[in-house]
Every structure is written in C-alpha cells, then in structure tokens.
Amino acid sequence: MVPDIGAFRTGDVLKGVQTMPARSFLAHLPPELWPLLVGFWGPVSRVYQREETLPTGPRDSDVHIVLGGCVRQDRFPFAADDDPDDGGGSGPRITRFRGVGQLLGEAKLIEEHAAVRTTCLTTTWVMSCSATRMMAFLTRHPHSERALLRSLEDRNRDDEMVYGTVTRTPVERVGGLLAHLARIAGTTDPAQPGHISVLGLSQRDLAEALLMGVSTVEAAIRRLRTPAKGSGLPPGGVLRSRYRQFVVTDLPALQRVTRIQ
C-alpha cells in the first residue's frame, strides 16, 4: 500500500526511503543495492497519464520499474504474428494488474522481441532502462538477480491465488482481487484512516481479468457493500465504489474472508 502519487517525494523514492509493497522487486532488493541501481540506470523517471501505454512492444528495448500508480497488462496468446506490435490485439485475452515496486517487461531480459500491451490505469510513474543494461546490473550484483526471481515467483503465486481460483465464489474472487490491488496499488487518505482507494479500474476491467460476467461482478460488489448475514463481513460492508474508484474500508476483514494477503 502506497500513498497517492501526489504525495511522493521524488528524492525519497530515488534514495530508497519510500516503502514498497511486500513481495515486489523493490521490496526484495537489498537496501544497499537500490542507490547502486539508480546510479546504474540514471535517476530518470517519467510520468504517464491514465490510458497511455508503456513502451513494451516488440520494437521497444526497455524494462520499467513502477514507482507509483497501476497498470493493466493484456496478453493475446493466440494472436497471429502479424497482429499490432503492442502485444497483440485479437483472440482470447489474459489480463493482469501490476503495481508499485514491480519490474515490467522482464521477458525482454531473455527474448528481445517479447511484447505485452501495458496500459496505465492511473497516473503512473516509472523508471526505465534498456534490458541490456539491466542484464549487466543483474550479472554484476547477484543479490539483485535473486530479488527479481523472488519477486517473479511471488507474483506468479499471487496470480494463481487471485486470478486462477475459478472454484471460489464470486464474492471471494472479486473481493480477493480488490484486496490484492489495495496492497499493490492502493492509495491512502489521511482524512479517512483505514480507507484504501484503488483508482482507475471499472467493473468491466475486473470482469475481464477474472473471466466473469459484468453482472456477476456487479452482484459481488453489492454483497461487499451490503453483506448478507453470516457472510463473515462486518455489517457495514468493506467496500465503497464510485466511477473508476473502489474504496476498501476494512482491508483486514476483506483479507480474512478472501484469504488474500
């Protein structure tokens, strides 16, 4: 969970003072390596606006570390080779959301023309460098390579729990995804202690990521706002929703019910 991007202090983030979400690449990276990484890459960051795409197509050569914000990644595993060079665009889609502290474009470390369509859901701040330079850094500092591998394994496990549990109830699946997003990309408001906002997502985004119908997602959100008796959720619910904003009002309760940490 991180503060809103407007509250970021660029210097603190680049010095490694800003806390990063648990299990992310930057959380695993030993603190003494963060200034070395910044110095090796160069302290250059860029802010992308909502609905802008990150350069992660087959002709792009950079990897990116998310310092603030949230992105949606879409893969089209059955797309033809001549599909648009932003990671495809036809056939079945696999959608995942990525947040703060994570490295994006990691496939370029092993495959030059790897691609995935990456769209910013909110104002998103990234630090970028060429895959070649990142490989050199990983080779020079083996602990950074271990941090990356640990973060990718953690991400795979999170993906299995959040997106792959089709036998769970819609409330558990939708609530679990929102609990996950609150942890990796949530923003806090000092005026509302304990409330965590997840910005930029629509109900359709959730439905596409979970391979559920929009009406099913809508019904699950209603149950999270106004729980049924015996659901295990507090009577006042754990969620508020607005246009492209979900506010988790009781994350511990939501995590207990969904078992998503």
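**Close-up views of a predicted model**

**View 1. Helix H8 and its neighbours.** The buried residues of helix H8 pack against three helices and two strands: helix H6 (170-185), helix H7 (203-210), helix H9 (251-258), strand S10 (239-242) and strand S11 (245-248). Please keep in mind that this model, like every view below, is predicted. Which residues of H8 are buried? They are Val217, Ala220, Ile221 and Leu224. These residues share one side of H8, because they cover an arc of only 100 degrees around the axis. The helix runs through residues 214-225, and its length can be checked with simple arithmetic: at 1.5 Å a residue, its twelve residues should span 16 Å, which agrees with the 17 Å between its end C-alpha atoms.

**View 2. The whole chain, for orientation.** Before zooming in further, here is the overall setting. Nine helices and eleven strands make up the secondary structure of the chain. Of its 261 residues, 50% are buried. Contacts also reach across the sequence: among those between residues at least 6 apart, 74% join residues at least 24 apart.

**View 3. An aromatic pair with an arginine over one ring.** How many aromatic pairs does a search of the whole structure find? The search finds one. Its members are phenylalanine 40 and phenylalanine 137, whose ring centres are 5.5 Å apart and whose planes meet at 50 degrees, so the pair counts as tilted. The two residues come from distant parts of the chain, 97 residues apart: phenylalanine 40 belongs to helix H3 (residues 34-41), and phenylalanine 137 to helix H4 (residues 131-140). Are these two residues buried or exposed? Phenylalanine 40 counts as buried because its relative accessibility of 17% is under the 20% cut-off. Phenylalanine 137 is buried too, with a relative accessible area of 1%. Look also for arginine 133, which lies over the face of phenylalanine 40, at 4.6 Å from the ring centre.

**View 4. Arginine 96 over tyrosine 163.** Here is another place to look for a charge over a ring. The charged end of arginine 96 sits over the ring of tyrosine 163, at 4.2 Å from the ring centre.

**View 5. A buried glutamate in a loop.** Glutamate 106 lies in the loop that connects strand S5 (103-104) with strand S6 (117-120). Its relative accessible area is 17%, so glutamate 106 is buried. What does glutamate 106 touch, leaving aside residues up to four places away in sequence? Its contacts are Arg75, Leu152 and Arg155.

**View 6. The open sheet S1-S7-S2-S5.** Four strands, in the order S1-S7-S2-S5, form this open sheet with antiparallel pairing. Strand S1 (45-48) and S5 are the edge strands, each pairing on one side only. Further in, strand S2 (residues 62-68) and strand S7 (residues 124-130) run antiparallel and are joined by six bridges. To find your place along the strands, start at valine 66, which stands opposite valine 126 in S7.

**View 7. The open sheet S8-S9-S11-S10.** This open sheet has four strands in the order S8-S9-S11-S10, and the pairing is antiparallel. Which strands form its edges? They are strand S8 (187-188) and S10, and each pairs on one side only. Two bridges hold the antiparallel pairing between S8 and strand S9 (residues 196-199). A handy landmark is threonine 188, which stands opposite isoleucine 196 in S9. Two strands of this sheet, S10 and S11, also appeared in View 1, where the buried residues of H8 pack against them.

How values were computed:
Residues numbered from 1 in each chain as written. Predicted model: local features only at pLDDT ≥ 70, side-chain atom pairs only at ≥ 80, totals over all residues. Heavy atoms only, no water. Expected span 1.5 Å × (residues − 1). Buried < 20%, exposed > 50% of the residue type's maximum accessible area, 1.4 Å probe, protein only. Arc of directions from axis to C-beta. Contact = heavy atoms within 4.5 Å. Phe/Tyr/Trp six-rings, centres within 6.5 Å; stacked < 30°, edge-to-face > 60°. Lys NZ or Arg CZ within 6 Å of the ring centre and 35° of its normal. Pairing = 2+ DSSP bridges.
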